Amino acid sequence: MTKPYGYNGKIALIDLPDGGLRVLEPGEDWYRIHGGGGLLGAALLMTETRPGLDALGPENLLIFTSSVVAGQLAPGLARFSVVCKSPLTGGIAETRCEGPFGSFLKGSGFDAIAVRGRATIPSYIQVEDGAIRVVEARELWGMDTLATARKLKAAAGREDVSVAAIGVAGENLVRYASIVVDGSIQAMRMGVGAVMGSKKLKALVLVGSSLPPLADEEVVERVRQAFARDIETNTLCKFQKEDPGFAAYADLSDVETAYMGRDNYRGTVDHSLPSLARDRFLEHCVGMVACPGCPNDCIKIIDAGDRVDPSSAIHQEVTASLGPNVGNHDLGLLLEVNKACNLLGLDPVSTGFSISFAMECLEAGIITKAGLGGLDARFGNNAVLLPLIKMIASREGYGDALAEGVRRASARIGRGSERFALHVKGLEMVSFEPRTMTNLALGYATAPVGPRYDICEHDWDYDVTAGWGHTLELSRTLGILDRIPMQYVGPDKVRNYKALNTIWSACDALDICVFASAPTRALSLDMMADLVAGITGWKTSSWEIMRFGERRNHLMRLYNLREGLTADDDTLPSRFFEEPIGQGRLKGSVLDRDSFGAAIRSYYAMMGWDGQGIPLKETLLDQHLESYAPL
Ligand code: SF4
């Protein structure tokens with residue numbers, strides 16, 4: 001077989017504890033259908049795992065995956081995905097991470113590395129110039145993610161090393177534990193770190209990187225230059241690139257936008273929060289995490305003590321989930337708890353919503369201070385945040401219930417606590433308001449991975465009153481022609497959602513970073529097609545790029561159906577149907593069950609699914625997915 005351009009054409013399946021290796025070489029047509037990221041991962045779960053397995057059992061497959069283009073040194077390609085069965089939802093887990101690891105993954109000689117089984121004693125897997133070995137790592141168990149990365153880099157004895165590791169949270173099977181790259185940035189949602197911990201796998205260490213050659217360096221270079229030029233004028237790219245980067249946005253939620261929930265969504269941030277203003281973040285912005293090949297420089301190191309500490313890298317979602325969501329407006333503390341989550345390997349979003357769940361339960365008298373180890377965990381009592389985070393990671397006291405995620409915690413606690421357990425399909429909510437942003441509401445409810453803040457470009461970008469100037473013009477390429485009120489629900493909104501979600505789903509299927517990408521950022525759909533063509537040598541089109549996005553949604557849906565999820569799981573917590581926004585321009589906004597249900601059915605139909613959200617056989621045939629479901 002001729003060697004492909006841009007990718008490796010090989011997938012490694014590693015068995016623990018013995019390190020047995022099977023290498024799949026599925027051929028170019030397979031890659032042309034499955035691309036990478038969540039799409040490739042879903043394909044492996046469908047073919048290499050049995051239905052109904054325990055997500056925390058040895059049979060689960062933990063997949064680190066690149067794509068046919070990701071990992072190459074070009075704009076937006078510094079991403080990889082982690083895919084497995086989620087211990088929170090029972091459906092597919094898919095999460096992404098930027099930084100250097102994605103390039104090492106592509107340079108490892110494999111497009112994906114999947115791990116099955118369980119080590120008998122704590123171990124790590126090292127892939128060095130294509131050779132794979134399993135190494136015992138008793139001494140690393142209990143170590144934080146940064147110390148682990150440093151130790152393993154030193155042990156490798158080379159500079160060109162990247163480490164994806166779990167912390168104490170993953171070891172203790174906290175159901176929303178994450179995987180942390182180089183002690184710094186996280187593959188953070190859906191409990192992928194717990195799955196790694198269940199395998200007694202402390203780390204995946206990639207040593208050395210030899211990227212497959214590009215088909216046409218000139219085409220790729222043209223995209224590099226165009227992107228570097230365009231990020232200087234693109235509003236959102238500039239916002240991300242200029243210090244303090246994309247985590248500093250809390251002051252954009254105001255009386256006009258009301259886009260960020262507070263206090264477990266009891267309310268919405270509709271006024272400026274001076275202590276979380278952008279210039280306050282800037283005071284502590286001391287560095288950044290480089291994404292190889294991408295000049296957008298989004299991920300900043302913002303450290304309370306003004307030290308350049310890799311574990312102080314901060315991602316967008318943290319600001320809200322461990323800020324206003326738990327009543328915290330103290331930037332210094334926000335940075336401390338972010339660092340704690342990175343070191344412990346805890347998803348800061350699910351952690352934030354588990355804490356806000358406990359806070360609301362306490363204030364409602366459902367649980368007691370004594371039950372929380374004496375912590376007076378009320379909204380705004382910031383002193384409890386770090387202790388609670390440590391209790392969750394180590395599963396001490398009530399931390400053990402909270403470590404199960406809010407759905408299971410509320411089932412254990414009872415007494416009406418389920419109304420404060422804000423989750424979809426078992427995954428904790430994110431902090432961007434579904435009552436005022438109905439594209440997001442639709443995405444949170446229907447996405448195979450549950451609520452995700454980057455399920456699509458946010459509604460307020462397109463709002464008739466608050467929308468940003470450049471968004472509509474750039475989105476016309478997707479057929480979005482008019483501004484629509486951000487809180488409105490109706491068929492034309494569903495049409496926009498489908499377009500906005502499909503393009504970012506395509507990014508996820510190719511591990512192209514959405515922070516670089518269309519519709520509103522500098523990497524246009526045509527540039528994505530040029531990257532695929534220049535890297536792989538395939539003659540392609542923006543049509544084929546969008547098809548990757550559609551196919552990813554269909555195949556993940558099939559996996560979830562196989563695992564027992566149904567249309568009944570495509571809903572939102574009752575709070576969003578029953579408690580209107582209380583103040584500001586969007587006062588009174590609340591989701592109406594009937595209109596929202598109609599929007600979901602409309603979305604199913606637009607997707608080529610039946611009334612129960614099951615893909616039609618013609619849809620599967622049209623998408624080359626017929627082999628995954630009997631026709
Ligand atoms: S857009 Fe930002 S986060 Fe994405 S790859 Fe580029 S620098 Fe990294």
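In this predicted model, the centres of domain 1 and domain 2, taken over C-alpha atoms, are separated by 26 Å. The domain assignment of the chain places domain 1 at residues 11-207, domain 2 at 244-423 and domain 3 at 438-628, and the contact between domain 1 and domain 2 draws on 36 residues from domain 1 and 27 residues from domain 2.

On the side of domain 1 that touches domain 2, the elements that give two or more residues are the helices α4 (145-156) and α5 (168-171), together with the strands β10 (179-181) and β11 (185-187). Of these, α5 provides the largest share, with 3 residues. Sorted by class, the residues of this side of domain 1 comprise 18 nonpolar, 13 polar and 5 charged.

The ligand offers a second place to look, and the residues around the ligand come from several separate parts of the numbering: Gly76, Ala78 and Glu98, then Cys291, Cys294, Asn296, Asp297, Cys298 and Ile299, and finally Cys513, Phe515 and Ala516. By class, this shell around the ligand holds 8 nonpolar, 2 polar and 2 charged residues.

Further along the chain, helix α20 covers residues 542-562, and its 21 residues reach 31 Å from the first C-alpha to the last, which is close to the 30 Å expected at 1.5 Å a residue. Just after α20 comes Gly564, a residue that takes a positive phi of about 100 degrees.

Notes: Residues are numbered from 1 along each chain as its sequence is written. This is a predicted model: local features need pLDDT of at least 70, side-chain atom pairs count only at pLDDT 80 or more; totals for chains, interfaces and linings use all residues. Helices (H or I, at least four residues) and strands (E, at least two) are DSSP runs, numbered from the N terminus. The expected span of a helix is 1.5 Å times one less than its number of residues. A residue is near a molecule or strand if its C-beta atom, placed from the backbone, lies within 6 Å of it. Ala, Val, Leu, Ile, Met, Phe, Trp, Tyr, Cys and Pro count as nonpolar, Asp, Glu, Lys and Arg as charged, and the others, Gly among them, as polar. Domain bounds come from an automatic or database domain assignment. Two residues are in contact if their C-beta atoms, placed from the backbone, lie within 7 Å.
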